[in-house]
Amino acid sequence: MIKIAPSILAADPLNLERDVRKAEKAGCDWIHVDVMDAHFVPNLAYSPDVVRRLKEVTSLPLDVHLMMDHPEKLTDVFLEAGADSLTIHAEADADVNALLERIREKERLPGIAIRPHTPLEKALPYLEKAGLVLAMTVEPGFGGQKLEPEVVDKIRAIRDSGYQGYIEADGGIREDNIRMLVENGLTVAVMGTALFHAEDMAASIRWLHTVSRGE
Ligand code: DX5
Ligand code: ZN
C-alpha cells in the first residue's frame, strides 16, 4: 500500500495543529513539510521551529522537503527539530553526497529530489545513498498547480532501474491521476490541495489506499 503524505502547505497556517491532527485522524501515513527559502524557489515556508512543534502534536513521521540553496546550513537543525526524512534537491548548491551521509548517520531517511525538468541523470549519482527519491511533478514553490505528465516516465525509469527505496511524487496529485502514478512505480504520494480541500479527508485517504492496492 502506498503512503499518503498530506502537504501542510495547503493547510491553514494559523491552524496547523488542528489541520495536522485532522490529517492524522483521517488515516494518512506521513506529514509532508515544505521548506522554501525565496531563492531556490520563489516562496517562503516553514521553519525548524514549526517542525519542532509538529513533532509534539503528531506521532506520524515528518517528511521534510528542503527547497533551498545551501541546505547544509539547516540540515542538522531540521534533524534535531525532528525530521524523520529529509530531502535535498540535486540542483541545490551543496555537497549533496555529504548531506545524504549526514542524514543517514543520524538514523533518518535521506531523500534526493529533482525538479520536473531536471533529467533523471542528475539524481543517479545519489541514488545509492538515498532511501527516497522525490520526483517533483510541478515546478516547486506553490501548491495547487497541474501535474506535468512527462514526469511519469521518470518515475517509471526509477522503478525499472530496480531502485529499492521510496519513490515519491509531489505536486498536482489528485484522485484522477494517482492510479496512473502508482502503476508506474509511485510509493509515496504528497498531496496538498486535494486533501486539505477535500470534503471528507478520511474518505479520500481510504479511497487512495484502496487504489494503491490495485483495487
Ligand atoms: C510544491 C510543494 C508541494 C505542494 C503540493 O512546491 O512541494 O508539496 O504543497 O501541493 P498540491 O498537492 O496542492 O499540488
Ligand atoms: Zn514538497
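**Overall fold and the surroundings of ligand 1**

In this predicted model, the chain has a radius of gyration of 16 Å, which agrees with the value near 17 Å that a compact globule of 215 residues would have. Taken along the principal axes, the box filled by the C-alpha atoms of the chain comes to roughly 40 × 40 × 30 Å. The secondary structure of the chain consists of eight helices and eight strands.

Ligand 1 is surrounded by 20 residues, of which Asp 34, Gly 141, Asp 170, Gly 192 and Thr 193 come nearest. When these surroundings are sorted by class, the shell around ligand 1 contains eight nonpolar, 10 polar and two charged residues. The space that ligand 1 takes up is the largest pocket, and the elements that contribute two or more residues to the shell around the ligand are β2 (31-36), β3 (62-67) and β8 (188-191). Among the contributing elements, β2 gives the most, with three residues.

Several polar contacts are found between ligand 1 and the protein, and these involve both side-chain and backbone atoms. On the side-chain part, an N or O atom of Asp 34 lies 2.6 Å from an oxygen atom of ligand 1. On the backbone part, a polar atom of Gly 141 is 2.7 Å from an oxygen atom of the ligand, while a polar backbone atom of Gly 144 is 2.8 Å from an oxygen atom of ligand 1. Taken alone, ligand 1 would expose 380 Å², and 99% of that area is buried by the protein.

Definitions and conventions: Residues numbered from 1 in each chain as written. Chains lettered and ligands numbered in written order. Predicted model: local features only at pLDDT ≥ 70, side-chain atom pairs only at ≥ 80, totals over all residues. Heavy atoms only, no water. Near = heavy atom within 4 Å. Polar contact = N/O pair within 3.5 Å; in protein donor to acceptor, adjacent residues only side chain to side chain. Areas by Shrake-Rupley, 256 points an atom, 1.4 Å probe, with all protein chains shown as cover. 1 Å grid on protein atoms, 1.4 Å probe; cavity = no way out; pocket = protein on both sides within 12 Å on 5 of 7 lines; lining within 4 Å. Sits in = over half its atoms within 2 Å of the grid points. Helix = DSSP H or I, 4+ residues; strand = E, 2+ residues; numbered from the N terminus. Nonpolar A, V, L, I, M, F, W, Y, C, P; charged D, E, K, R; others polar. Rg over C-alpha atoms; globule rule 2.2 N^0.38 Å.
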